[in-house]
Amino acid sequence: MFKKVLVAEDMEDINKGVFSLLTELGVIQIDQVQYCDDAYLKIKRADLDNIPFDLVISDLSFKVDHRFQTYPSGHSLVAKLKSEFPNLKVIVYSVEDRLQAVRTLFNQHHIDAYVCKSRTGLKNLTTAISEIANDEKYLSPEVSNAFSSENELEIDDYDISLLDNLSKGLSQDEISALYRKENISPASLSSIEKRLNKLRIQFNANNAIHLVAIVKDLGLI
């Protein structure tokens, strides 16, 4: 079982619950931080001192305040930690249950477990800790079908970005202008129209509004 664990969570009540759980599991050292930058610095310092952490449990969303953050979200923190410390075990503990977000965290950033905050969140977190201690992966029941065959759609991060911007009310012209400004390719209006038409066919959507509704129901955005 893990002996040295870092918890990155900015909600005090949730921190208390996770702390109590880890204490019951016999974790000797439990460090808690409310900022992702603090989490990274602690992990880095411990590694340099040759007393590394065994496990990090991190939320995804952190409330923005006056303090500048190099890593403003759990997404950016996890990506950095897994790229620099690939052997470090990481559990994401979040209210977010979008299947595409879960897939990205596993496929691109190689997290070890994803646990949804819910009525059974702490119970599932206990199971996740036990399973990854045995080098297994863990998915909360709420997102357990993220990798099922029926959800393996031909859709990538560019498609997700298009759909997300569409859901925010941006027109295709506005999305094209935004992508040109942010150097996202392809950014031409014709390319965006073709991609959205392909997505409408793929999801059997009648129009853009219907398409957004379908992908939201699937947890893709």
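Colleague: Before we look at the largest pocket, what makes a set of grid points a pocket?

Modeller: A pocket is an open set of points with protein on both sides within 12 Å along at least five of seven lines. This is a predicted model, by the way. Its largest pocket has a volume of about 210 Å³.

Colleague: Which residues are closest to the centre of that largest pocket?

Modeller: They are Tyr35, Phe62, Lys63, Val64 and Asp65, and they belong to a lining of 13 residues. By class, that lining holds 7 nonpolar, 2 polar and 4 charged residues.

Colleague: And what lines the second largest pocket?

Modeller: The second largest pocket holds about 170 Å³ of space. Its lining is made of His75, Arg98, Gln100, Ala101, Thr104, His109, Asp157 and Ile160. Two elements, α4 (99-107) and α6 (157-167), each give two or more residues to this lining. Helix α4 gives the most, with 3 residues.

Colleague: How do the residues of that lining divide by class?

Modeller: There are 2 nonpolar, 4 polar and 2 charged residues around the second largest pocket. Arg98 and Asp157 are in the lining, and both kinds of residue, Arg and Asp, count as charged.

Colleague: On to the cysteines. How many disulfides does a search of the whole structure find?

Modeller: The search finds 0.

Colleague: Why is cysteine 36 not bonded to cysteine 116?

Modeller: A disulfide needs two cysteine sulfur atoms within 2.5 Å. The sulfur of cysteine 36 is 18 Å from that of cysteine 116, its closest cysteine sulfur, so the pair is too far apart for a bond. Seen from the other side, cysteine 116 is in no disulfide either, with the sulfur of cysteine 36 as its nearest.

Colleague: Why are these two cysteines called buried?

Modeller: The word applies under 20% relative accessible area. Cysteine 36 has 1%, so cysteine 36 is buried. Cysteine 116 has 3%, and therefore cysteine 116 is buried as well.

Colleague: Now lysine 89. Where is its place in the structure?

Modeller: Lysine 89 is in strand β4, which covers residues 89-94.

Colleague: How do you know whether lysine 89 is buried or exposed?

Modeller: Compare its value with the cut-offs: buried is under 20%, exposed is over 50%. Lysine 89 has a relative accessible area of 17%, so lysine 89 counts as buried.

Colleague: Which residues does lysine 89 touch?

Modeller: Leaving aside residues up to four places away in sequence, lysine 89 touches Phe2, Asp54, Leu55, Val56, Lys82, Asp112, Ile132 and Asp135.

Methods
Residues numbered from 1 in each chain as written. Predicted model: local features only at pLDDT ≥ 70, side-chain atom pairs only at ≥ 80, totals over all residues. Heavy atoms only, no water. 1 Å grid on protein atoms, 1.4 Å probe; cavity = no way out; pocket = protein on both sides within 12 Å on 5 of 7 lines; lining within 4 Å. Points joined across faces, edges and corners; volume = space filled by probe spheres on them. Helix = DSSP H or I, 4+ residues; strand = E, 2+ residues; numbered from the N terminus. Buried < 20%, exposed > 50% of the residue type's maximum accessible area, 1.4 Å probe, protein only. Contact = heavy atoms within 4.5 Å.
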